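Student: I should be grateful for a close look at a single part of this structure. Please place that part in its wider setting as well.

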Amino acid sequence: MDQAGLERISVSPLVATIITANVFILGFLLTGVLSDYKESERLPGELSISMGAIAEECILLWRHKQAEPARDCLHYMLDLTTSLKRWFYKEERTQDLTEKAYGLGDFFAAIEPFTQANFIVRLKQEQSAISRMLIRIHTIRETSFVASGYTMARLATGLVLIGLLSIKIDPWYESVFLIGVIAWFLSYLILLIEDLDNPFDYGQDGRPRGQEISLKPLEDLEKRLARQVESIDSASAQVQVSS
């Protein structure tokens, strides 16, 4: 543009005002998505805690009372944890996973004769917490924060960059450096906001595509439940053989 003689805008205080206004818009969007991102950081851990609490009650009932429904419930919890990971990787539908979470009620009814009523109430509370967190994660994943704000931010950034390219700054290499830095900063902010807006955007192989939330609590829970299920099944098989 410098060689073509298209740099016709002179440097003025209005240029800084326009850039500041654009940064303000991007800052507003960044503040909004950060609040959801900070909430999302807690959800996988809280999910693993609620599911682990249900599994622990099932293990205790099996260990002390040999309750068969408790062992079946533990198998179901392992399957639910695996389905939950698949759901995060978009390999399972939200409706199917929610129905599996509601399916825990049948196991609680079967366990009721082996335990006290207050334990069943606690298990139902954990089930409700799991369903609530699933719906919240689905909402965060499927809802974009102020879609019209994204459109305005992209258009404003594009217009600012076009205006900066049209400003006459001598020598030309100063123009290249200043506009390059500003363009990188604004473009990076837009990409960062779009990435943080969906903190559960995992690839098919489970690898994060950007700043995704870690699923390590759920992975650890799945490994722990798998070991416990294997131990209980092995003990149950030995009892059957000896009898």
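Tutor: The following account begins with the whole protein and then turns to helix H2 and its surroundings.

The model is predicted, so local features are described only at pLDDT of at least 70 and side-chain atom pairs only at pLDDT 80 or more, while totals for chains, interfaces and linings use all residues. Residues are numbered from 1 along each chain as its sequence is written, and side-chain values use heavy atoms, with hydrogens and water left out.

The protein has eight helices and zero strands; helices (H or I, at least four residues) and strands (E, at least two) are DSSP runs, numbered from the N terminus. The C-alpha atoms fill a box of roughly 95 × 30 × 25 Å along the principal axes. The radius of gyration is 27 Å, whereas a compact globule of 243 residues would have one near 18 Å; this radius is taken over C-alpha atoms, and the globule rule is 2.2 Å times the number of residues to the power 0.38. Of the 243 residues, 43% count as buried, where buried means under 20% relative accessible area, exposed over 50%, and partly exposed in between, with a 1.4 Å probe and protein chains only. Among contacts with a separation of 6 or more, 78% join residues 24 or more positions apart; contact means heavy atoms within 4.5 Å.

Helix H2 covers residues 68-88. Its 21 residues reach 31 Å from the first C-alpha to the last, close to the 30 Å expected at 1.5 Å a residue; the expected span is 1.5 Å times one less than the number of residues. The helix is mostly covered, with 15 of its 21 residues buried.

The loops on either side of H2 each hold a residue of note. Most residues other than glycine have a negative phi. Gln66, however, has a positive phi of about 55° although it is not a glycine. Gln66 is found in the loop between helix H1 (13-65) and H2, and it counts as partly exposed because its relative accessibility is 47%. After H2 comes Lys90, whose phi is also positive, near 60°. Lys90 belongs to the loop between H2 and helix H3 (94-102), and its relative accessibility of 43% is why Lys90 counts as partly exposed.

Within the span of H2, Cys73, Tyr76, Met77 and Leu80 are touched by Leu104. Leu104 lies in helix H4 (residues 104-111) and is buried, because its relative accessible area is 0%. The C-alpha atoms of Leu104 and Cys73 are separated by 7.6 Å, although the two residues are 31 apart along the chain. Leu104 also touches Ile54 and Gln127, when residues up to four places away in sequence are not counted.

The end of H2 brings in the aromatic residues. A pair of aromatic rings is described by the distance of the centres and the angle of the planes. The structure holds four aromatic pairs; rings of Phe, Tyr and Trp (its six-membered ring) pair if their centres lie within 6.5 Å, and planes under 30 degrees apart count as stacked, over 60 as edge-to-face and the rest as tilted. One of these pairs is formed by Trp87 and Phe88, with 5.2 Å centre to centre and 55° between the planes, and it is tilted. Trp87 is buried because its relative accessibility is 0%, and Phe88 is likewise buried, with a relative accessible area of 0%. Together with Phe200, Trp87 and Phe88 form one aromatic cluster.

The ring of Trp87 has a further neighbour: the charged end of Arg141 sits over this ring, 4.5 Å from its centre. A charge sits over a ring if NZ of Lys or CZ of Arg is within 6 Å of the ring centre and within 35 degrees of the ring normal.

A second aromatic pair offers a comparison with the pair in H2. The ring centres of Trp184 and Tyr188 are 5.7 Å apart and their planes meet at 25°, so this pair is stacked. Both residues lie in helix H7 (residues 172-197), four residues apart, about one turn of the helix. Trp184 counts as exposed because its relative accessibility is 56%, while Tyr188 is partly exposed, with a relative accessible area of 47%.
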